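Trainee: I should like to learn how to read empty space in a protein model. Please begin with the terms.

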Amino acid sequence: MLKQKYNIIGVMSGTSLDGVDLAHVNFSIIKDKWQYTILECETIGYSQDWLNKLRSAVDFSKEQLAKLNQDYTVLLGNIITAFIDKHHLNSLDAVCSHGHTILHQPQNGFTLQIGNLPEIARIVNHTIICDFRVQDVQLGGQGAPLVPIGDRILFADYEYCLNLGGFSNVSFEQDGKRIAFDISPVNTVLNFYANQLGLDYDDRGKISKSGKINSDLLNALNALDYYQKPFPKSLGFEFVKTVVLPLMEKYSIPIEDKMHTFTEHVALQTGLALINQQGKMLITGGGAYNDFLIGRMHHYLPNLVLIIPDVKTLEYKEALIFALLGVLKLRNEINVLSSVTGAKMDHSSGIIH
């Protein structure tokens, strides 16, 4: 008989490079409904050396990537071990880790998340469930987004679930199916320009708000091919590096104006992406703290109630849901939806070490 309670750690490192998110989560199934409690949680930031490596890894050779994967697996294993020791965690059912996406090219049948080598289980000395994206790509899917099944199971009270991280992604029910896709880059671009001003990020969107819109740049961004594609679709850092930033760098305007214009672009594309703009939308991820961006989203979505949850759910929702994906894998239950990724079928993804 399958268990009704699980003691899990979820681990996530996103494209915005904020650091490694770790969340200790208790799951229980009560009257066939999943419940969760996020207990201890924290984000471990990257050193400058690691930030430089992760930013430039998209251009690494195969040999350099193999070395990076080995080194990052050790780094991640040590971070997880330190988290377990610090909080005196025991009786864990598993540690469920996303790893860190370096390359995401589903159109070429390829996606790479580093930190998922079998060695991590030896370092952590617990069952590890990881590498959730590869199987989906092998089945013809995008390998992303994977969070929507968690939205369906844990956050069914909301018409939309929007995550504002390195990229924005949304999930919702349509004709009995869960639909989800990446909308646009967000913090991958905004943080890039904040870094040029000597800042880690744009606090509350104050810098972006101080700039002004450049209509030509806004029109050029909105005209990018990606926004015309039907879902399922997903984005990787390659899109930012090879398409978005080169486009924005053609415009000799103040950084504040670039950030203001890009924020407007994100809000506008979010409005265009949502079909039925009624009900409630849950907003999570670091971008939920960007008051200027949220304000512009209100402008484009006047009939949707935008809800920002408690801090733990806001900051650790992806770690929470990867914890759930791991539990579903343990139970041999579906944790990836073909309606979301475009794979040949629903499936139970992930590797258990």
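Mentor: In sorting a lining by class, Ala, Val, Leu, Ile, Met, Phe, Trp, Tyr, Cys and Pro count as nonpolar, Asp, Glu, Lys and Arg as charged, and the others, Gly among them, as polar. This is a predicted model, in which local features need pLDDT of at least 70 and side-chain atom pairs count only at pLDDT 80 or more, while totals for chains, interfaces and linings use all residues. Residues are numbered from 1 along each chain as its sequence is written, and side-chain values use heavy atoms, with hydrogens and water left out.

Trainee: Which classes make up the lining of the second largest pocket?

Mentor: Its lining has six nonpolar, six polar and four charged residues. A pocket is an open set of points on a 1 Å grid over the protein atoms alone, with protein on both sides within 12 Å along at least five of seven lines; a cavity is a set where a 1.4 Å probe fits but cannot get out, and lining residues have an atom within 4 Å of a point.

Trainee: Which residues line the largest cavity?

Mentor: P145, L146, P148, I149, N335, V336, L337, V340 and T341 do so. By class, seven are nonpolar, two polar and none charged.

Trainee: Is D257 buried or exposed?

Mentor: Buried means under 20% relative accessible area, exposed over 50% and partly exposed in between (1.4 Å probe, protein chains only). D257 has 9% relative accessibility, so it counts as buried. Beyond neighbours within four places in sequence, D257 is in contact (heavy atoms within 4.5 Å) with G211 and K212. The C-alpha atoms of D257 and N163 are separated by 24 Å.
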